[in-house]
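Biologist: Before I rely on any of the terms used for this fold, could you take me through them one at a time, setting each value against its cut-off?

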Amino acid sequence: MATEEQSNGYKSGSNLEKVLRAGHFAVTGELGPPQNADREHILEKAKLLTGAVDAVNITDNQTAVVRMSSIASGVLAIGEGLEPIVQMTCRDRNRLAIQADLLGAHALGMRNLLCLTGDHNVFGNHPAAKNVHDLDSVQLIRMVKDLRQGKFQCGDDIKGARPTFFIGAASNPFGDPFEFRPYRLAKKVAAGADFVQTQLIYDIPRFREFMQKVVEMGLHEKVYIMAGVGPLKSSGMARYMRDQVPGMIVQDEYVDRMKAAIAGIPKEEKKARRQAWRQMGIQICIEQIQEIREIEGVAGVHIMAVEWEAAVRPIVDGAGMLPRPTVRMSTSEAKE
């Protein structure tokens with residue numbers, strides 16, 4: 001798939017970009033920074049993910065809760081041989097702060113960026129904090145693309161090194177109105193998104209319908225689409241996501257399978273029940289990846305194993321996606 005800016009060269013030269021451009025089915029994971037200043041927390045999680053994914057999302061004050069900086073955490077991840085995808089939300093910074101952080105992030109070695117609106121502060125641990133939202137996610141994508149082309153958001157030229165990010169966006173294939181979702185994705189593609197990670201998928205027929213429209217619109221030829229998957233931890237989690245989470249569709253099949261996983265195990269045997277649930281959650285995720293991989297237009301998967309990084313490698317291995325590919329730029333590409 002040719003890029004809109006450099007038909008022969010890379011936009012960022014990141015590992016994720018190289019894997020996707022080479023036509024490999026990409027795999028990304030997620031790493032949540034701690035609610036403290038403990039660097040070991042990042043290093044331990046990074047070791048679980050290194051070699052199992054092509055890059056990893058470093059969340060930015062996830063769920064509007066104060067956590068270690070995504071950029072600082074990304075630096076620590078790089079030290080462990082793990083390529084970060086730094087998340088940047090519109091919630092916490094105005095356009096000056098965002099651009100300043102992006103210049104610094106690039107100088108520190110970040111090459112992938114995921115542009116997000118961010119969860120509302122009312123849901124976090126500082127509900128009285130002001131939401132900034134100087135830009136929305138589509139405007140943020142456009143601003144990052146302009147930075148890559150040598151322009152600040154105000155129109156001034158960048159005098160010197162440009163921050164060349166591989167630009168990511170999020171997409172919810174299941175939000176209402178459902179028919180609008182591909183067009184919402186198209187706006188982000190038009191703004192400059194290079195890759196897209198979807199929200200969690202627990203209704204593959206519905207996702208297949210979404211992707212059919214995406215392919216009809218030709219969006220899969222303009223952006224790399226990575227389907228979001230994640231292992232369920234318990235039948236309670238499956239029921240909660242089905243019944244309580246807005247914009248989430250969870251098929252009854254998955255709830256029933258998680259419930260059946262602990263059939264015959266007494267309630268007091270908590271460890272055995274937890275192990276049975278987790279084995280089933282991993283198995284379901286593997287099956288989902290194998291089915292999603294056959295859908296036209298899907299370029300990879302984004303595995304969201306929240307606070308369960310140890311599950312990622314067994315999932316990737318079980319889905320037949322290890323070892324991860326190594327892609328190197330040719331001499332001519334490196335000079336672009």
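Modeller: Let us begin with a helix pair, keeping in mind that this is a predicted model. The axes of helix α8 (residues 235–244) and helix α9 (residues 252–260) come within 8 Å, and they cross at roughly 160°.

Biologist: Why are α8 and α9 called roughly antiparallel to each other?

Modeller: Angles over 145 degrees count as roughly antiparallel, and the crossing angle of α8 and α9 is roughly 160°, so the pair is placed in that class. The crossing of α8 and α9 is left-handed. On the α8 side the contact is formed by Ser235, Ala238, Arg239 and Arg242, and on the α9 side by Asp252, Val255, Met258 and Lys259. Sorted by class, these residues are 3 nonpolar, 1 polar and 4 charged.

Biologist: What makes α2 and α3 oblique to each other?

Modeller: The axes of helix α2 (residues 39–49) and α3 cross at roughly 50° and come within 9 Å. Roughly parallel requires an angle under 35 degrees, and roughly perpendicular covers 65 to 115; the value for α2 and α3 falls in neither range, and the pair is therefore oblique. The crossing of these two helices is right-handed. Arg39, Ile42 and Leu43 in α2 meet Ser73, Leu76 and Ala77 in α3, and the contact of α2 with α3 comprises 4 nonpolar, 1 polar and 1 charged residues.

Biologist: How do you know that α7 is roughly parallel to α10?

Modeller: The axes of α7 and helix α10 (residues 270–292) cross at roughly 25° and come within 11 Å. Because roughly parallel means an angle under 35 degrees, α7 counts as roughly parallel to α10. Their crossing is right-handed, and in the contact Ile204, Phe207 and Arg208 of α7 meet Gln288, Glu291 and Ile292 of α10. This contact has 3 nonpolar, 1 polar and 2 charged residues.

Biologist: What closes into a barrel here, and in what order?

Modeller: The barrel is closed by 8 strands in the order β1-β2-β3-β4-β5-β6-β7-β8, with parallel pairing. On average, neighbouring strands of this sheet are turned by 30° against each other, direction ignored. Helix α3 (residues 70–79) packs on this sheet, where it touches β2 (55–58) and β3, and its direction makes about 180° with that of β3. Helix α7 (residues 204–216) lies across β5 (166–171), β6 (195–200), β7 and β8, and runs at about 170° to β7.

Biologist: How do you know that β7 and β8 pair?

Modeller: Two strands pair if there are at least two bridges between them; strand β7 (residues 224–229) and strand β8 (residues 298–303) have 5 bridges in the parallel sense, and they therefore qualify. Ala227 stands opposite Val301 in β8. The parallel strands β5 and β6 are likewise joined, by 4 bridges, and Phe195 in β6 is the bridge partner of Gly168.

Biologist: Why is β6 described as largely enclosed by the rest of the structure?

Modeller: The description rests on burial, since 5 of the 6 residues of β6 are buried.

Biologist: What makes Arg91 count as buried?

Modeller: Buried means under 20% relative accessible area, and Arg91 has 1% relative accessibility, so it counts as buried. Arg91 is in the loop between β3 (84–89) and α4 (95–107), and, leaving aside residues up to four places away in sequence, the residues it touches include Asp60, Ala64, Asp119, Lys130 and His133.

Biologist: Why is Asn172 also called buried?

Modeller: The relative accessible area of Asn172 is 18%, which is under the 20% limit, so the term applies. Asn172 is in the loop between β5 and α6 (181–191). Beyond residues up to four places away in sequence, Asn172 touches Arg181, Gln199 and Gly247; the C-alpha atoms of Asn172 and Gly247 are separated by 7.7 Å, although these residues are 75 residues apart along the chain.

Biologist: Is Glu307 buried, exposed or partly exposed, and how do you know?

Modeller: Partly exposed lies between the limits of 20% and 50%, and Glu307 has a relative accessible area of 46%, so it is partly exposed. Glu307 is in the loop between β8 and α11, and it has a positive phi of about 55° although it is not a glycine.

Technical notes:
Residues are numbered from 1 along each chain as its sequence is written. This is a predicted model: local features need pLDDT of at least 70, side-chain atom pairs count only at pLDDT 80 or more; totals for chains, interfaces and linings use all residues. Side-chain values use heavy atoms; hydrogens and water are left out. Buried means under 20% relative accessible area, exposed over 50%, partly exposed in between (1.4 Å probe, protein chains only). Contact means heavy atoms within 4.5 Å. Axes are lines fitted to C-alpha atoms, for helices over the stretch in contact, and angles run from 0 to 180 degrees between N-to-C directions. A crossing is left-handed if the near helix is turned anticlockwise from the far one by less than a right angle, and right-handed if clockwise. Ala, Val, Leu, Ile, Met, Phe, Trp, Tyr, Cys and Pro count as nonpolar, Asp, Glu, Lys and Arg as charged, and the others, Gly among them, as polar.
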